[in-house]
Amino acid sequence: MAENCKFLRLKKLHLNCIYKESIPHLLQIFQNDNCKKLTQLKLSYYSGKSSVIQTLQERIVENCKQLVDLDINHPHIDSEFIQTLAIKCPNLQRLELRKHESRMFSSDTLMGDDDIISLANNCPLEKLFILDRISITERAIRTLSNKCPYLTELYLRPIKSVCETSLAQLKHNSLKGCKVTVLEWEPRW
């Protein structure tokens, strides 16, 4: 697969249910100039050793700097990846992050204040979907409000530490009128 991509300049790539056997091919795709023009990437659950997954994530942020739209569903998304993504992919307008269902009921959080602030300070976000547990405060919402005037959609899980006033201010500060949706999340036990 990767050998045939040498001269291919990918712009959009959607990969679902990636298994560990295909990771070496993906590592080849996400190297050098193969994905330098990639603007849209969707990766749904990929399995493998965490060190290999980390290498894949590193290659994505190092070699896909033109990303505008990123959608990742994986249990090993961490703060380091998110903050590096914010710095290395400054064109990011749409970001959708969620951990795979196998980790949905764990106590792990996907994002914190520093992650949101890094994204807000470095990327012209228009749509942000955080579809898993987050631990943010008013500080992160205020930064989004002040730094992302073109934010039109924000989807979050319920956050106890953020008041309605901050979310209302975010809606008000957006030049396009931000739609804030706090998703209800009830475990299905």
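**Chat about helix 5 and its surroundings**

Biologist: Let's start with helix 5. What covers the buried residues of helix 5?

Modeller: The cover includes helix 4 (113–122), strand 6, strand 8 and helix 6 (164–173). Keep in mind that this is a predicted model.

Biologist: Okay, and which residues in helix 5 are buried?

Modeller: Helix 5 spans residues 138–147, and its buried residues are Glu 138, Ala 140, Ile 141, Thr 143, Leu 144 and Ser 145.

Biologist: Thr 143 caught my eye. Why does Thr 143 count as buried?

Modeller: Thr 143 has 14% relative accessibility, and it counts as buried because the cut-off is under 20%.

Biologist: And what does Thr 143 touch, leaving out residues up to four places away in sequence?

Modeller: With those left out, Thr 143 touches Ile 117, Ala 120, Asn 121 and Cys 148.

Biologist: Now the residue next door, Leu 144. What does Leu 144 touch, again not counting residues up to four places away?

Modeller: Leu 144 has contacts with Ile 116, Ala 120, Leu 125, Leu 128, Leu 151, Leu 154 and Leu 170. Leu 144 also matters for the core count: the largest nonpolar core has 53 residues, and Phe 30 and Leu 144 touch the most other members.

Biologist: Let me ask about helix 6 too. Gln 169 is in there. Why is Gln 169 called partly exposed?

Modeller: Its relative accessible area is 38%, and Gln 169 is called partly exposed because that label covers values between the 20% limit for buried and the 50% limit for exposed.

Biologist: How far apart are Gln 169 and Arg 142 in sequence and in space?

Modeller: They are 27 residues apart in sequence, and 8.1 Å separates them in space, C-alpha to C-alpha.

Biologist: Switching to the strands. How many bridges pair strand 6 and strand 8, and in which sense?

Modeller: Three bridges, in the parallel sense. As for a bridge partner, Leu 128 is matched with Leu 154 in strand 8. Those two residues also appear among the contacts of Leu 144.

Biologist: And what about strand 4 and strand 6, how many bridges there?

Modeller: Four, again parallel, with strand 4 at residues 94–98 and strand 6 at residues 127–130. Within that pairing, Glu 96 has Phe 129 of strand 6 as its bridge partner.

Biologist: Where is Glu 153 found?

Modeller: In strand 8, which takes in residues 153–156.

Biologist: Is Glu 153 buried or exposed?

Modeller: Buried: its relative accessible area is 18%, and Glu 153 gets that label because the cut-off is under 20%.

Biologist: Which side chains does Glu 153 join through polar contacts?

Modeller: One is Lys 127, at 3.1 Å. Another is Tyr 155, at 3.2 Å. If you leave out residues up to four places away in sequence, Glu 153 touches Glu 126, Lys 127, Leu 128, Phe 129, Cys 178 and Lys 179.

Biologist: Let's go to strand 1. Which residues are on its covered face and which on the uncovered one?

Modeller: In strand 1 (residues 12–15), Leu 13 and Leu 15 form the covered face, while Lys 12 and His 14 form the uncovered one. Strand 1 runs parallel to strand 2 (residues 40–44), and four bridges join them. Lys 12 has Gln 40 of strand 2 as its bridge partner.

Biologist: Pockets next. What is the volume of the largest pocket?

Modeller: About 210 Å³. Helix 2 (50–63) and helix 3 (79–88) are the elements that give two or more residues to its lining.

Biologist: Which helix gives the most to that lining?

Modeller: Helix 2, with six residues. The lining residues include Ser 50, Gln 54, Val 61, His 76, Asp 78, Phe 81 and Thr 84.

Biologist: Where is Ser 79 found?

Modeller: Ser 79 is in helix 3, and it is partly exposed at 33% relative accessible area. Ser 79 and Asp 114 are 35 residues apart in sequence, with 8.3 Å between them in space, C-alpha to C-alpha.

Biologist: Zooming out, how many helices and strands does the chain have?

Modeller: Six helices and nine strands. The chain has 189 residues, and buried ones make up 48% of them.

Biologist: And what share of the contacts with a separation of 6 or more comes from residues 24 or more positions apart?

Modeller: Those account for 76% of such contacts in the chain.

Conventions
Residues are numbered from 1 along each chain as its sequence is written. This is a predicted model: local features need pLDDT of at least 70, side-chain atom pairs count only at pLDDT 80 or more; totals for chains, interfaces and linings use all residues. Side-chain values use heavy atoms; hydrogens and water are left out. Buried means under 20% relative accessible area, exposed over 50%, partly exposed in between (1.4 Å probe, protein chains only). A polar contact is a pair of N or O atoms within 3.5 Å; within protein, one must be able to donate a hydrogen and the other to accept it, and residues adjacent in sequence count only if both atoms are side-chain atoms. Contact means heavy atoms within 4.5 Å. Two strands pair if DSSP finds at least two bridges between them. A nonpolar core is a set of buried Ala, Val, Leu, Ile, Met, Phe, Trp, Tyr and Cys residues joined through side-chain atoms within 4.5 Å. On a 1 Å grid over the protein atoms alone, a cavity is a set of points where a 1.4 Å probe fits but cannot get out, and a pocket is an open set with protein on both sides within 12 Å along at least five of seven lines; lining residues have an atom within 4 Å of a point. Grid points are joined across faces, edges and corners, and a volume is the space filled by probe spheres set on the points.
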